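Here's a quick tour for anyone meeting this structure for the first time. Have a look at it below, then read on.

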Amino acid sequence: MANTAASFSGLVKRSTEGGEALKEPRKTMIESKSLCFYYGQNQALFDISLVIPERSVTAFIGPSGCGKSTFLRTLNRMNDIIEGVRRSGEILLEGQDINAPEVDVVALRKRVGMVFQKSTPFPKSIFDNVAYGPRIGGLRDREKLAHIVESSLKRAALWKEVQHRLHDSAMALSGGQQQRLCIARALATDPEVLLMDEPASALDPASTARIEDLIFELKEKYTIVIVTHNMQQAARVSDFTAFFLKGILIEIGDTEQIFTNPREKQTQDYITGRFG
Amino acid sequence: MTDENPSPVPEASMPVVKRLGRESGKAESWLFAWTCRGAIWFSVAILGVLLISVTKNAVGWLDWQFLSSFDSSRFPAKAGMLSGILGTCWVIALTILFAVPIGVAAAIYLEEYATDNLLNRFIRLNLANLAGVPSIVYGILGLTVFVRMFGLFGPQGWIHEFTGWNLEGFFWSEHYGQYLIPLPFGRVVISGALTLSLLILPVIIIASQEALRAIPPSLRHASLALGATKWQTIRFQILPAAVPGIMTGVILAISRAIGETAPLVMLGAMSFVFFAPGNLDSLSAVAEHPEGLIKAPFDTFTVMPIQIFNWVRQPKEEFKYIAAAGIVVLLAILLLLNGLAILIRNRYSKHMRW
C-alpha cells in the first residue's frame, strides 16, 4: 500500500519485478493521477492513481462506503451535480484532462456512458428510451433513429424480447430487461467507455448471468468499468481488478493475480471474507 | 449503497400464537378507525346539507333564462348571470395564463438552479408567508399597482407633470369609442386577473416545488449521464414527470381564485353589470368585432361571487333564490374546471411508476 502506483501489476509503464507482466500491451483509455475527492469536509478518495486499459473490463471491489462508486462517478463527472464537492488531481481520457475548462461535460458523458445500480428507464416507450440519447444530440431522422435503436437493443441482447413491442411502456419490462434496456440506452450514444455501478445487484441470478454474458461481449468494442459487491462476479467478468478500502486504492492488477495471489494482506483478508 | 442480498431464514423456532381473542391493542385500533371514519362522514354530511339546501332553493330559478341574460336590479325574474359567468371566465383564463407559467418557472428556478444562499433561503421562507397573506391585502396592492398604476398616467399623472405628454392608452377603437388598452388599466378584467395571479402564485410555486422535489433523483441522473444538458433533462424528463403534481397545485389555486371576492371588490369590480367584457356576449359578436377580444381584458366587469354576494344583500326575498341558483352555477363551473385539470393530470401520470 505504500506506493499504490507501484503495486499495479504491469499496467504501469515500467514492468513489475514479480514477473506478472501484462498478457498483451493495451492502449490506456483512462488514467487517474493522484485524484483526491472531498464531500464538504469529508475526504472520500485519497490520492488515487491508476490506469484503465481500453477494450477490457476493470472491476472495482471493496466494502460499502470505500469510495469505489465515487471514483466511478468522477470518470464521467457525475459528481459535478452534487453541491459542495471538491477535487484535486487529474483524470485523463485518452490523454485529455476531462476536468479542463474547455471540456464540454455533455460531450464527455456521451463518450463515457453510465449504467446505474437501480435500473432507471424513463417513463416512456422502449423505443423512446433508447432513442433519447441520439435525439437530445439533435438526431431527427426517423430511419437513422430506428437503426440505432435496433442495433443498440441487439448489442444489449434485448432485441429478440422486445422487437414486437417497441412502443410499449418501458416500465412494463422485467427488472433484468429494464437493466439491459438501460445498457442499450447508454450504447445508443455510441460511447467508448461504459461505467457500470453495481449493474446486477438488484437482479436475480438468471438476469445477472445474462448481464455478465453481455459485459463479456461488450468488451470487444467498449472499455468497461464495473463496480461490484459480488466478488465472484468480479472474478468472472473482469480482466483487471482494483481493491478500494476507506477511500484508498489498496491494490490493482490482473484479476487472476488479485484473486489468487494478492500482494496486500488487506486484499487477501477482504477476498477471503475475513471482513467487509 | 444497499446490499441487495437479504436472506430470509425461516424462523423455525417462532412461538405459536396461542391467544386468538381480542386484546387491548385491538380496541384502540378499532376506536381509531371509527374516529377517522366519523371525521370523513362529518365532512361529507356538511357538504351534503349545503348542496341539498342550495339546490332546493335554486330549483325553479335556475333555467336557461338565468344563464343567458344580464342582471336586473329590479325584477328578480329577469335577473341573469351572464355577465358574471363571462367575467369569471375572462378573469380565470387570464389568471391561469399569467400565474401558471410564472409559477412553474419560479419553482423550476428555486428547485433546479438556485444555490443554497441566504437570498434564496429568504425567498423560500417568504413564499410560505405570502401564501398566508389575507386576500384583501392583495386587493389593495392590485388597486395601487394595476388599477391606478402608481398614478403615473392621466392628466394629473406624474408623466404628464414631468414631460407634458398625455398618455391615455393604445389602439383607438372607433367601434368602442375608446382606447382598447387604456392607461392606467382602471377597474378592468386584467387588473383583477393580475391581482388574482399574485394571490395564487405562492400556492402554485410551493405545489410545483413539491412536485419537482418528488421526482426521483435517479431519473435526473439517468438523463444527465446520457449527455443531456440540464435544460433538456428538465424539459424532457422532469417537467413531464412533475405535471401531475403541478396540476394538483393548479387545481387548488384556481379553486381559490374562482371563489375570491374580497380583492375584486377592493379593485372595484361592479355589482350590477349589464354587459359582457368587450360586449362579447355571443359568438356572432366576436365575429363582428374581433377587436373586442383585445378590448375585453380592458373592460369593466363583475364575477360570479360578487354577483351572488350582491343578490344576497338585496331586500327582495326572491333574490335569495337567485343567489342559490348562482351558487349552483359557480359550483358547477368549479367542478368542470377541476375535472379538466384532473383529466390532464391522469393523462400525464399514465406511464409513471417507480
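Just past helix α3(A), A:Gly138 takes a positive phi of about 105 degrees. Keep in mind that this is a predicted model, with an ipTM of 0.84 and a pTM of 0.79.

The helix before that glycine, α3 of chain A, spans residues 126-136 and is mostly covered, with nine of its eleven residues buried. Who are they? The buried ones are A:Ile126, A:Asp128, A:Asn129, A:Val130, A:Ala131, A:Tyr132, A:Gly133, A:Pro134 and A:Ile136. The cover comes partly from chain A itself, including α4 (142-155), α5 (159-162) and α6 (175-187), and α9 of chain B lends a hand too.

That brings us to where the chains meet. Here, 30 residues of chain A are in contact with 20 residues of chain B. On the chain B side, the elements that give two or more residues are α8 (217-225) and α9 (230-259). Of these, α8(B) gives the most, with six residues. Here's how the chain B side divides by residue type:

| Type of residue on the side of chain B that touches chain A | Number |
|---|---|
| Nonpolar | nine residues |
| Polar | seven residues |
| Charged | four residues |

Now step back to chain A as a whole. It holds ten helices and ten strands. Its radius of gyration is 19 Å, close to the 19 Å that the globule rule gives for 276 residues, so chain A is as compact as a globular protein of that length. Its C-alpha atoms fill a box of roughly 55 × 45 × 35 Å along the principal axes. Buried residues account for 46% of the chain. Among chain A contacts with a separation of 6 or more, 68% join residues 24 or more positions apart.

What about the inside? In soluble globular proteins, nonpolar side chains tend to be buried together. The largest nonpolar core in this model has 79 residues, and the members touching the most others are A:Ala184, A:Leu194, A:Leu195, A:Ile224, A:Val225 and A:Ile226. Leaving aside residues up to four places away in sequence, A:Ile226 touches A:Val57, A:Ala59, A:Met196, A:Pro199, A:Ile215, A:Val237 and A:Ser238. Another core, of 75 residues, lies apart from that one, and B:Tyr138, B:Phe146, B:Leu194 and B:Ala242 are among its members.

Last, a word on confidence in chain B. Its mean pLDDT is 84, and 92% of its residues reach 70 or more. Residues 1-7 of chain B are below 50, and beyond near neighbours in sequence this stretch has six contacts in the model.

How values were computed. Residues numbered from 1 in each chain as written. Chains lettered and ligands numbered in written order. Predicted model: local features only at pLDDT ≥ 70, side-chain atom pairs only at ≥ 80, totals over all residues. Contact = placed C-beta atoms within 7 Å. Helix = DSSP H or I, 4+ residues; strand = E, 2+ residues; numbered from the N terminus. Nonpolar A, V, L, I, M, F, W, Y, C, P; charged D, E, K, R; others polar. Core = buried A, V, L, I, M, F, W, Y, C linked by C-beta atoms within 7 Å. Buried ≥ 20, exposed ≤ 12 C-beta atoms within 10 Å, placed from the backbone. pLDDT = per-residue confidence, 0-100. Rg over C-alpha atoms; globule rule 2.2 N^0.38 Å.
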